[in-house]
Amino acid sequence: MCRTITWLIFIFVVSMALSSTFSRLNLFPKPSFIFHRSWKPLLLNRSSKLLPPTTSSSSPSSLNSFTAYCSILTSENSTSIAPKNPFMKAQDDLIVLGIETSCDDTAAAVVRSNGEILSQVVSSQADLLALYGGVAPKMAEEAHSQVIDQVVQQALDKANLSASDLSAVAVTIGPGLSLCLRVGVRKARKVASSFNLPMVGVHHMEAHALVARLTERDLQFPFLALLISGGHNLLVLARDLGHYIQLGTSIDDAIGEAYDKTAKWLGLDLRRSGGPAIEELAREGDAHAIKFSTPMKQHKDCNFSYAGLKTQVKLAIESKNVNAAIPISSASSEDRSSRADIAASFQRVAVLHLEERCQRAIEWALKIEPSIKHLVVSGGVASNQYVRAQLDQVVKKNNLHLVCPPPSLCTDNGVMVAWTGIEHFRVGRFDPAPPAEEPEDFVYDLRPRWPLGEEYAEGKSEARSLRTARIHPSLTSIIQASLQQQP
């Protein structure tokens with residue numbers, strides 16, 4: 001009896017020790033994937049329009065579906081939040097309305113899921129830009145509010161459709177100016193609620209990247225994207241839909257901002273925006289006439305800084321006694337020549353900064369995803385032919401292919417929003433139709449600051465401190481001295 005008890009005690013002690021050991025080993029770690037638990041296959045009605053499930057238990061809620069989408073945009077280790085919808089393979093006739101009001105253009109478009117652009121309407125605020133010398137948020141909001149109904153209706157009319165023919169509504173919810181974003185979101189919710197349509201909230205910069213997949217149908221993930229506009233410079237590795245790694249970003253001013261300010265200081269016509277005006281004048285100038293310093297040469301990362309270059313340009317303009325109050329059309333021959341040299345020299349260095357960053361980003365991206373074949377360049381500044389030509393040289397040197405959407409799809413537009421909505425809608429990332437009547441205190445989901453993906457660990461730079469990124473004060477005297485020595 002005692003021997004039996006002894007054996008039982010021994011077995012109990014050994015089993016407890018083994019249990020403790022296995023628990024510490026953690027043989028079944030938690031998965032790092034984010035799954036969309038509430039996702040259910042979309043249903044097809046007789047008119048072949050895709051509709052969300054009708055039961056409340058299976059219908060994706062705004063909180064569950066879009067929160068999961070937002071989390072995947074900012075998670076490096078995430079994968080697709082929803083499985084492929086088996087019904088989608090038999091259905092490729094989605095029709096989506098896209099609405100864009102993140103900054104100074106009111107845009108809407110209707111796009112079919114086979115890539116056909118049924119309509120595209122853009123209302124520009126060029127006159128306001130010229131009047132205020134840039135974007136004035138409150139004025140921009142009022143301009144959006146005045147034309148949004150007309151722009152959306154024109155998009156539907158040009159597509160020969162009514163809102164009841166749509167499958168969903170996609171709208172930019174960020175990043176951008178809050179006052180402007182609200183106008184587009186409010187209109188989108190009104191259309192969606194009136195016709196019981198699902199909604200897709202779209203990331204503005206993701207839309208710039210994904211529109212390349214509409215124009216270049218062979219473009220597959222993964223790919224590298226350079227997104228350049230008035231408010232953003234981004235280098236992202238697009239590993240999959242909604243899965244991005246941020247290799248580099250602006251630490252102060254974006255390249256588009258530098259173009260606009262330079263154009264303003266040179267007295268150019270801003271109704272065309274600064275980029276085209278600088279590009280045109282630069283063709284008349286000597287790109288090596290003024291020795292501007294390339295930004296951030298000492299920082300071996302992929303981040304961007306244009307604040308220091310702007311300072312150099314301003315000093316050069318003062319040195320040449322350029323009077324911006326005199327428009328370029330009224331400038332003397334000598335004055336015009338000086339302005340052209342400044343424009344050309346600025347453009348050369350501004351784009352050289354892009355080239356250097358892209359070269360390093362390609363090297364980093366190929367280490368992460370050796371199968372990369374394409375560099376996508378999109379955003380408003382990507383319309384610049386000089387930018388495209390210089391970056392094409394970088395891409396060819398690395399045996400890659402450059403993909404640039406047509407200029408009309410590089411600037412802010414509704415097509416890119418509609419197409420991004422289609423891409424996410426196909427995999428179940430959408431919100432149900434808003435209620436017909438929303439409470440007075442309803443708060444719109446706006447994301448003025450919304451990062452696209454997680455920052456690459458090696459890409460973190462000490463230049464995040466603006467003080468180290470901007471032009472050093474001691475350089476000011478050097479620049480002034482060099483300018484004085486030039487004829």
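Modeller: Accessible areas here come from the Shrake-Rupley method with a 1.4 Å probe. By that reckoning, this predicted model exposes about 22600 Å², and 53% of that comes from carbon and sulfur atoms.

Colleague: OK, so why is H208 called buried?

Modeller: The cut-off for buried is under 20% relative accessible area. H208 comes out at 0%, so it counts as buried.

Colleague: And where does H208 sit, and what does it touch?

Modeller: H208 is in helix α6, residues 204-210. Leaving out residues up to four places away in sequence, H208 touches L227, S378, G379, C410, T411, D412 and M416. To count as touching, heavy atoms have to be within 4.5 Å.

Colleague: Let's move on to α12. How do you know what span to expect for it?

Modeller: You take 1.5 Å times one less than the number of residues. Helix α12 has 13 residues, so 18 Å is expected, and the 19 Å from its first C-alpha to its last is close to that.

Colleague: Which residues of α12 are buried, and what do they pack against?

Modeller: They're V387, R388, Q390, L391, V394 and V395. Among their packing partners are β8, α8 and α11.

Colleague: What makes the N384 and Y386 pair at the start of α12 a polar contact?

Modeller: A polar contact needs N or O atoms within 3.5 Å, one able to donate a hydrogen and the other to accept it. A side-chain oxygen of N384 comes within 2.8 Å of the backbone nitrogen of Y386, so the distance fits.

Key. Residues are numbered from 1 along each chain as its sequence is written. This is a predicted model: local features need pLDDT of at least 70, side-chain atom pairs count only at pLDDT 80 or more; totals for chains, interfaces and linings use all residues. Side-chain values use heavy atoms; hydrogens and water are left out. Helices (H or I, at least four residues) and strands (E, at least two) are DSSP runs, numbered from the N terminus. Buried means under 20% relative accessible area, exposed over 50%, partly exposed in between (1.4 Å probe, protein chains only).
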